[in-house]
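Visitor: I'm new to this structure and would love a close look at one part of it. Could you pick a single strand and walk me through its surroundings?

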Amino acid sequence: MAVYLITGASSDVGAALIERVYREGDTVIAQGAGDLACLAPLCSRWPGAICAYDVDLTDAEALDAFAQEVAERYPTPTHLVHLPALRVINTRFKKFDEERFERDLSVQVRSAVRLCRQFLPEMAKAKQGRVLFMLTSYLLGAPPKNTAAYIMVKSALHGLAKSLAADYAPFGITVNCVMPSMMETKFLADTSNLIVQANAEANPMKRNARVEDVVPAMAFLLSEEARFITGVTLPVTGGSAFL
């Protein structure tokens with residue numbers, strides 16, 4: 001029986017990943033923030049198995065309470081998947097929004113640190129576990145202009161993943177990342193359609209990534225077959241960026 005702890009589970013990718021990996025008898029602890037309605041179909045399909053929590057990851061006290069409740073109420077997670085992020089906003093550096101940057105740092109990095117501190121030591125005792133972070137192909141080569149805040153936060157998350165992979169490999173825990181190129185989901189709501197179209201045209205496959213392109217790669221890294229793969233950052237880019 002697997003126990004999945006998935007943050008950002010109410011995203012397009014999160015919901016699709018749950019549908020892909022869930023097996024009868026599993027437990028899925030799914031965090032969202034104000035958008036749990038997206039998980040309603042899954043909760044209805046598997047009543048009692050999908051446990052949805054509305055948690056603001058920028059609220060340290062709420063995050064602590066969530067982590068504590070998960071630790072007390074459920075078995076130790078066997079899989080920890082961290083997906084949340086604020087939407088990318090293209091802004092010139094001279095107009096850098098420090099408040100928004102701090103919020104995204106909390107959503108992506110501080111929450112990951114808090115949850116990993118809570119659960120990785122217990123996963124280490126069990127001598128097994130899978131950890132997976134969502135990154136971006138923007139970290140490969142020269143990033144797009146006017147994305148400094150997003151790049152800094154994702155870079156910090158990448159550094160955390162690499163450090164955890166080194167620290168926990170002796171305990172049978174794998175820590176990996178997926179690095180998709182621009183993916184056509186609701187995450188792009190604040191991105192100009194012209195940018196989205198131009199990105200698709202520039203891709204060697206002449207389209208942007210889709211959820212169904214990325215989720216299978218994630219499912220593989222979370223599987224037993226990937227037990228000897230750790231510290232890996234897997235690009236899913238259609239050839240637009242190479243590692």
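Guide: Happily; here is a tour of strand β5 and what surrounds it.

First, this is a predicted model, in which local features need pLDDT of at least 70 and side-chain atom pairs count only at pLDDT 80 or more, while totals for chains, interfaces and linings use all residues. Residues are numbered from 1 along each chain as its sequence is written, and side-chain values use heavy atoms, with hydrogens and water left out.

Let's start with the sheet. Seven strands make an open, parallel sheet in the order β3-β2-β1-β4-β5-β6-β7. Here strands (E, at least two residues) and helices (H or I, at least four) are DSSP runs, numbered from the N terminus, and two strands pair if DSSP finds at least two bridges between them. The edges are β3 (50–54) and β7 (233–236), each pairing on one side only.

Now to β5 itself, residues 129–134. On one side, β5 is joined to β4 in parallel by four bridges. Within that pairing, H79 has R130 as its bridge partner, and H82 stands opposite F133. β5 also pairs in the parallel sense with β6 (residues 173–180), over six bridges. There, R130 faces T174 of β6.

How many of the residues of β5 are buried? Six of its six are, where buried means under 20% relative accessible area with a 1.4 Å probe and protein chains only (exposed is over 50%, partly exposed in between). G129, V131 and F133 are buried on one face, and R130, L132 and M134 on the other. The neighbouring β4 has both faces covered too: H79 and V81 on one side, L80 and H82 on the other.

Helices come next. Helix α1 (residues 12–21) lies across β1, β2, β3, β4 and β5, running at about 170° to β1. Helix α4 (residues 98–126) touches β1, β4, β5 and β6, and its direction makes about 175° with that of β4. Contact means heavy atoms within 4.5 Å; angles run from 0 to 180 degrees between N-to-C directions, with axes fitted to C-alpha atoms, for helices over the stretch in contact.

Finally, α1 and β5 each supply at least two residues to the lining of the second largest pocket. A pocket is an open set of points on a 1 Å grid over the protein atoms alone, where a 1.4 Å probe fits, with protein on both sides within 12 Å along at least five of seven lines; lining residues have an atom within 4 Å of a point. This one is lined by 20 residues, with Y4, H79, L222, S223 and E224 nearest its centre.
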